[in-house]
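The exercises below go through a single protein chain. Each one sets a task and then works through the solution in steps.

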Amino acid sequence: MEPLFDLRTLPEVPEWADFVDAARSARIATDELRLIKAAGLTLDLSAQRSAPALTHAGTRLLEARRFTPARRALLDGAIVNTTEHRAAWHTALRAPAATGDIAAARQRMDDFVRQADTARRWRNIVHIGIGGSDWGVRLAVHAFGYTGMWRQVHFVSNIDGHAIEGGLAGLDPQDTLIVMASKSFTTAETLENGQRALEWLRAAGHRDPWGQIVAITAQAERAREWGIRNDHIFPLWDWVGGRFSLWSAISLTVALAVGTGVVAGMQGGAAAMDTHFANSPPVENAPVQMALAGIVNRSVLGYGSLNIAPYDYRLHDLIPYLQQLEMESLGKSVALNGAPVGVPTGPAVWGMPGTDAQHTFFQWLHQGSDGAPVDFIVCRHADHGWPRHHQSLLANCLAQREALLCGKPYAAALAESLAEGHAPERARWLAHHRTHPGQRPSSLIVLSRLSPYTLGALLALYEHKIFVQALIWGINGFDQWGVEYGKRLARNILESLGGQREIDTAHDASTAYWVACFRESSNT
Ligand code: F6P
């Protein structure tokens with residue numbers, strides 16, 4: 001049987017060379033409008049390189065990379081995570097007509113929330129989880145609860161004891177629910193912080209602290225062994241990647257904080273993007289075209305990073321959410337066949353909400369030697385009562401994008417300096433400093449307004465974009481082997497710091513020195 005994926009490395013694929021040539025000779029056309037509408041979003045790729053030859057080369061490259069069967073396999077729950085031999089079936093979690101375990105899990109979560117709401121229980125929630133068991137929950141709670149919630153959510157993810165100390169500070173142990181979110185239920189941070197929370201409940205004289213701790217995990221047995229009551233364990237499955245798990249019961253805290261409607265709404269928007277992705281031909285497919293534009297910027301033009309600029313204060317957690325989704329998925333340099341990929345892959349992702357970002361690092365984006373492609377994300381309509389504020393936000397978003405796209409040539413900068421009354425010689429000198437190169441790529445994603453539906457669609461857009469990029473780069477976008485080594489070294493050093501073992505002679509000089517120092521200081 002023909003393998004699901006094309007196992008050649010990208011440089012071995014003739015269509016790649018054609019794509020590179022077409023991309024190199026393409027330009028960002030300032031007189032063209034390239035819009036794709038999908039699931040309540042409008043994706044504007046007008047400020048990305050385009051040309052009929054590039055569009056054609058992109059479609060041929062997708063065929064060479066077996067896009068259609070691979071997409072089918074993803075959406076049907078086939079084994080697409082080849083190194084862990086698992087499906088990556090997060091789309092099933094948001095399918096409208098879910099059945100079986102998925103429907104049962106949804107029902108259990110809704111019942112739990114309804115009972116808590118009816119009983120007016122849990123004024124405080126301490127959500128303990130990290131990475132994919134944390135960022136999505138923060139994103140949704142902060143996006144839809146920013147004007148205040150009946151339940152206060154305290155997020156604890158870091159192993160730094162100041163995090164759990166701050167997370168529990170001032171809370172009423174009688175009315176606090178501890179939510180331990182961990183797909184593996186082996187993550188040191190979550191188990192240690194969970195232990196501190198358990199001790200905090202016990203110290204408050206709780207006869208049955210287990211009544212106030214729930215877990216969301218794919219490892220129910222481990223949670224039971226840890227002490228969690230069976231009826232307090234909410235499932236997810238190993239075929240759901242951590243960074244794709246927001247669609248599962250990992251969103252229990254979201255439902256408790258801002259309502260089950262928000263969770264259902266997000267699933268609905270994401271499912272609509274799944275339908276668009278599944279059925280739209282490549283040239284009209286938003287995730288596909290966004291993926292190809294990103295590959296041009298990264299692997300052809302050599303931009304090392306991607307900037308995310310949500311022009312919406314409520315979306316500040318979108319950046320760490322996408323950092324994990326993008327960089328844990330695409331931060332790979334080994335192809336599916338085990339050989340070096342041979343081209344630059346996943347960019348470094350960074351960002352900040354606009355307009356704060358403008359006063360922080362947009363100087364670098366406009367005139368820095370490297371620059372970076374920018375994803376501008378904005379909502380057409382605001383939910384606050386100050387239209388002037390929103391008009392200004394929209395104006396700034398479009399202006400920054402236009403400045404990157406069109407730039408300011410020397411002649412315009414000179415005219416500007418002269419018009420300000422600078423002496424000709426100084427004006428000529430100053431104009432060099434005020435010139436903007438332009439032709440700096442960006443995408444614009446417009447949501448009608450920020451709703452659970454449009455946020456869900458937005459996240460699914462990025463998930464599918466990343467799947468297509470992994471497919472073209474020939475890497476596995478669903479594993480994360482690189483995170484394990486550091487954890488193992490940390491366990492080793494922790495034992496040395498704790499005196500359970502000698503300092504490992506295999507350490508480099510500097511590590512050995514500091515382990516000895518810290519061990520000493522932790523004994524005094
Ligand atoms: O270390 C990285 C990682 O495994 C992520 O992929 C994951 O989202 C996070 O840690 C938390 O893992 P878990 O949900 O199993 O505690």
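**Exercise 1.** Is Phe 185 buried or exposed, going by its relative accessible area?

Solution. Step 1: the model is predicted, so the terms of use come first: local features need pLDDT of at least 70, side-chain atom pairs count only at pLDDT 80 or more, and totals for chains, interfaces and linings use all residues. Residues are numbered from 1 along each chain as its sequence is written, and side-chain values use heavy atoms, with hydrogens and water left out.

Step 2: buried means under 20% relative accessible area, exposed over 50%, and partly exposed in between, with a 1.4 Å probe and protein chains only. Phe 185 has a relative accessible area of 3%, so Phe 185 is buried.

Step 3: place the residue. Phe 185 sits in the loop between strand E5 (176–181) and helix H8. Helices (H or I, at least four residues) and strands (E, at least two) are DSSP runs, numbered from the N terminus.

Step 4: check the backbone. Most residues other than glycine have a negative phi, and most peptide bonds are trans. Phe 185 has a positive phi, near 50 degrees.

**Exercise 2.** Find two further backbone exceptions, and locate each.

Solution. Step 1: Gln 439 is not a glycine, yet its phi is positive at about 55 degrees. Gln 439 belongs to the loop between helix H17 (424–434) and strand E11 (442–447). Its relative accessibility is 23%, so Gln 439 is partly exposed.

Step 2: the peptide bond from Gly 354 to Thr 355 is cis, with omega near 15 degrees. Thr 355 lies in the loop between strand E9 (348–351) and helix H14 (362–367).

**Exercise 3.** Which residues is Gln 219 in contact with, leaving aside its neighbours within four places in sequence?

Solution. Step 1: contact means heavy atoms within 4.5 Å. With those neighbours left aside, Gln 219 is in contact with Lys 183, Ser 184 and Phe 185.

Step 2: Gln 219 is in the loop between strand E6 (213–217) and helix H9. A relative accessible area of 28% makes Gln 219 partly exposed.

Step 3: between Gln 219 and Thr 186, which are 33 residues apart along the chain, the C-alpha separation is 8.9 Å.

**Exercise 4.** Describe the largest pocket by volume, lining and residue class.

Solution. Step 1: on a 1 Å grid over the protein atoms alone, a pocket is an open set of points where a 1.4 Å probe fits, with protein on both sides within 12 Å along at least five of seven lines; lining residues have an atom within 4 Å of a point. Grid points are joined across faces, edges and corners, and a volume is the space filled by probe spheres set on the points. The largest pocket has a volume of about 1,100 Å³.

Step 2: 41 residues line the largest pocket, and Ser 184, Thr 186, Thr 187, Glu 484 and Lys 487 lie nearest its centre.

Step 3: at least two lining residues come from each of helix H8 (188–203), helix H13 (318–330) and helix H19 (482–497). H19 gives the largest share, 6 residues.

Step 4: count Ala, Val, Leu, Ile, Met, Phe, Trp, Tyr, Cys and Pro as nonpolar, Asp, Glu, Lys and Arg as charged, and the others, Gly among them, as polar. The lining then has 14 nonpolar, 15 polar and 12 charged residues.

**Exercise 5.** Repeat the description for the second largest pocket.

Solution. Step 1: the volume of the second largest pocket is about 400 Å³. It is lined by 13 residues, with Tyr 313, His 384, His 389, His 390 and Leu 393 closest to its centre.

Step 2: this lining divides into 5 nonpolar, 5 polar and 3 charged residues.

**Exercise 6.** How do the side chains along strand E1 (residues 35–38) point?

Solution. Step 1: the side chains alternate, with Ile 36 and Ala 38 on one face and buried, and Leu 35 and Lys 37 on the other and not buried.

Step 2: E1 pairs with strand E2 (residues 41–44) in the antiparallel sense over 4 bridges; two strands pair if DSSP finds at least two bridges between them. Thr 42 in E2 is the bridge partner of Lys 37.

Step 3: the hairpin has 2 residues between the strands, and Ala 39 takes a positive phi near 50 degrees.
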